[in-house]
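Please find my notes on the model below, set out as numbered points. They go from the whole chain to single residues.

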Amino acid sequence: MKRSKLTAIQFAERSAIEKVKLRKIERGDPGVSMGAYFNMLKARWNSISE
């Protein structure tokens, strides 16, 4: 498995979410929308397949 070399800021930008929201996702905040999770997963998938 290839590891991503993205910083948290780069990952948030690719996910089209704010860094604050990324932190909330990492902490498991229940107030984060499913759309934010989807964007994060899509960005992660794209970074793996590159």
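How many helices and how many strands are there in the protein chain? The model is a predicted one, and the protein chain in it has three helices and zero strands.

1. Overall layout. Along the sequence the elements follow the pattern α-α-α. The protein chain has 50 residues, and 22% of them are buried. About 4100 Å² of the protein chain is exposed, with carbon and sulfur atoms supplying 56% of that area. Taking contacts between residues at least 6 apart in sequence, 41% join residues that are at least 24 apart.

2. The nonpolar core. Which residues make up the largest nonpolar core? There are nine in all: Phe 11, Ala 12, Ile 17, Leu 22, Ile 25, Val 32, Ala 36, Met 40 and Ala 43. At least two residues of this core come from each of α1, α2 and α3 (34–49). The largest share is that of α3, with three residues. As a general point, nonpolar side chains in soluble globular proteins tend to be buried together.

3. The buried face of α1. Phe 11, Ala 12 and Ser 15 are buried in α1. Viewed down the axis of α1, the buried residues fall within an arc of 100°, so they line one face of the helix. The general background is that an α-helix has 3.6 residues a turn, so residues three or four places apart point the same way.

4. Ser 15. This residue lies in helix α1. Is Ser 15 buried or exposed? Ser 15 counts as buried because its relative accessible area is 1%, and the cut-off for buried is under 20%. A polar atom of the Ser 15 side chain lies 2.8 Å from the backbone oxygen of Phe 11. Setting aside residues up to four places away in sequence, Ser 15 touches Asn 39, Met 40 and Ala 43. Met 40 and Ala 43 are among the residues of the largest nonpolar core.

5. Ala 16. Just after α1, Ala 16 takes a positive phi of about 60°, although Ala 16 is not a glycine. In general, most residues other than glycine have a negative phi. Ala 16 lies in the loop between α1 and α2. With a relative accessible area of 61%, Ala 16 is exposed, since the cut-off for exposed is over 50%.

6. Ile 17. Which residues does Ile 17 contact, leaving aside its neighbours within four places in sequence? They are Ala 12, Leu 22, Ile 25 and Ala 36. Ile 17 is itself one of the residues of the largest nonpolar core, as are these four contact partners.

7. Glu 18. The loop between α1 (8–15) and α2 (19–27) also holds Glu 18. Glu 18 counts as exposed because its relative accessibility is 57%. Glu 18 and Ala 36 are 18 residues apart in sequence, and their C-alpha atoms are 9.5 Å apart in space.

8. Lys 24. Helix α2 contains Lys 24. Lys 24 counts as partly exposed because its relative accessibility is 37%, which lies between the cut-offs of 20% and 50%. Not counting residues up to four places away in sequence, Lys 24 touches Asp 29 and Val 32. Of these two, Val 32 is listed in the largest nonpolar core.

Terms used. Residues are numbered from 1 along each chain as its sequence is written. This is a predicted model: local features need pLDDT of at least 70, side-chain atom pairs count only at pLDDT 80 or more; totals for chains, interfaces and linings use all residues. Side-chain values use heavy atoms; hydrogens and water are left out. Helices (H or I, at least four residues) and strands (E, at least two) are DSSP runs, numbered from the N terminus. Buried means under 20% relative accessible area, exposed over 50%, partly exposed in between (1.4 Å probe, protein chains only). Contact means heavy atoms within 4.5 Å. Accessible areas come from the Shrake-Rupley method with a 1.4 Å probe; for residues, only the protein chains shown count as cover. A polar contact is a pair of N or O atoms within 3.5 Å; within protein, one must be able to donate a hydrogen and the other to accept it, and residues adjacent in sequence count only if both atoms are side-chain atoms. A nonpolar core is a set of buried Ala, Val, Leu, Ile, Met, Phe, Trp, Tyr and Cys residues joined through side-chain atoms within 4.5 Å. The arc is that of the directions from the helix axis to the C-beta atoms.
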